[in-house]
Amino acid sequence: MSADIEALKRMYTEFNDRNIDGVLAALSDDVVWANGMDGGYEHGGEAVRAYWKRQWEIVSPRIEPVSFEPAPNATIVVKVKQSVFDLEGNPLQDQAHGLKDSIIEHVFTFRNGRVTRFDIREAG
């Protein structure tokens, strides 16, 4: 489980650095990924890539992990601080999408050292 947590730490760094390939390398080919902006799920790495590219054309999110908690069924719950800025780095106001500054939980499911599923839920 500690290797999975280390992989997640690298994923958050890669995401914040906008290194899509670095994050996608940790995902299974058939990953199911929560779409935090529009709702629903993306299926497969190329769909996740397209989702992030579209998101980063609209906003500039920064995700800071606060804690990592192993959970049942090969999952890890990561409490994160999500901050969302406009493309000039200013805090968002009156956004029309689902992204906003908040403390939330990311739930990752692993198989053979790779992420197979990602869910978002309210922090508990």
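Let me begin with helix H3, where Glu46 and Glu57 are exposed on the side away from the buried residues. The structure shown above is a predicted model, and every statement that follows should be heard with that in mind.

The opposite side of H3 has a longer list. Its buried residues are Gly45, Val48, Arg49, Tyr51, Trp52, Gln55 and Trp56. Viewed down the helix axis, these buried residues of H3 fall within an arc of 165°, so they line one face. What covers that face? Helix H1 (2–16) and helix H2 (20–24) are among the elements that cover the buried residues of H3, as are strand E1 (27–34), strand E2 (41–43) and strand E3 (60–71). As to geometry, H3 has 14 residues and should span 20 Å at 1.5 Å a residue; the C-alpha atoms at its ends are 20 Å apart, which agrees.

Helix H1 may be treated in the same manner. Its 15 residues should span 21 Å at 1.5 Å a residue, and the end C-alpha atoms of H1 are 21 Å apart, in agreement. Buried in H1 are Asp4, Ile5, Ala7, Leu8, Met11, Tyr12, Phe15 and Asn16. Seen down the axis of H1, the buried residues occupy an arc of 165°, so they too line one face of their helix. Ser2, Ala3 and Arg10 are exposed on the face of H1 turned away from that buried side. After H1 comes Arg18, with a positive phi near 65°.

I turn now to the aromatic residues. A pair of aromatic rings is described by the distance of the centres and the angle of the planes. How many aromatic pairs does a search of the whole structure find? The search finds nine. One of them is formed by Trp52 and Trp56, a stacked pair with 5.9 Å from centre to centre and 10° between the planes. Both tryptophans belong to helix H3 (residues 45–58), where they are four residues apart, about one turn of the helix. Trp52 is buried, with a relative accessible area of 4%, and Trp56 is buried as well, with a value of 16%.

A further pair is made by Phe108 and Phe118: the ring centres are 5.1 Å apart and the planes stand at 40°, so this pair is tilted. It links distant parts of the chain, since Phe108 lies in strand E5 (residues 102–111) and Phe118 in strand E6 (residues 114–122), 10 residues apart. Are these two phenylalanines buried or exposed? Phe108 is buried, at a relative accessible area of 2%, and Phe118 is buried at 4%.

The four residues just discussed also belong to one aromatic cluster, formed by Tyr12, Phe15, Trp33, Trp52, Trp56, Phe68, Phe108 and Phe118. Charged groups sit over two of its rings. The charged end of Lys9 is placed over the ring of Phe68, 5.6 Å from the ring centre. Arg18, already mentioned for its positive phi, lies over the face of Phe15, at 5.4 Å from the centre of that ring.

The last topic is salt bridges. Side chains of opposite charge can pair when their charged atoms come close. The structure holds eight salt bridges, and I shall describe three.

In one of them, the side chains of Asp21 and Arg49 meet at 2.8 Å, N to O. Asp21 lies in helix H2 and Arg49 in helix H3, so the pair ties together parts that are 28 residues apart in sequence. Asp21 is partly exposed, with a relative accessible area of 48%.

Next, Asp38 pairs with Arg54, the closest N and O atoms being 2.2 Å apart. Asp38 lies in the loop between E1 and E2 while Arg54 lies in helix H3, so this bridge ties together parts 16 residues apart in sequence. Arg54 is partly exposed, at 34% relative accessible area.

Finally, Glu105 forms a salt bridge with Arg121, with 2.7 Å between the closest N and O atoms. This pair links distant parts of the chain, with Glu105 in strand E5 and Arg121 in strand E6, 16 residues apart. Glu105 counts as buried at 10% relative accessibility, whereas Arg121 is partly exposed at 41%. Salt bridges that share partners also join Asp21, Glu46 and Arg49 into one network. That network returns us to Glu46, one of the exposed residues of H3 with which I began.

Notes. Residues numbered from 1 in each chain as written. Predicted model: local features only at pLDDT ≥ 70, side-chain atom pairs only at ≥ 80, totals over all residues. Heavy atoms only, no water. Phe/Tyr/Trp six-rings, centres within 6.5 Å; stacked < 30°, edge-to-face > 60°. Buried < 20%, exposed > 50% of the residue type's maximum accessible area, 1.4 Å probe, protein only. Lys NZ or Arg CZ within 6 Å of the ring centre and 35° of its normal. Expected span 1.5 Å × (residues − 1). Arc of directions from axis to C-beta. Contact = heavy atoms within 4.5 Å. Salt bridge = Lys/Arg side-chain N within 4 Å of Asp/Glu carboxyl O.
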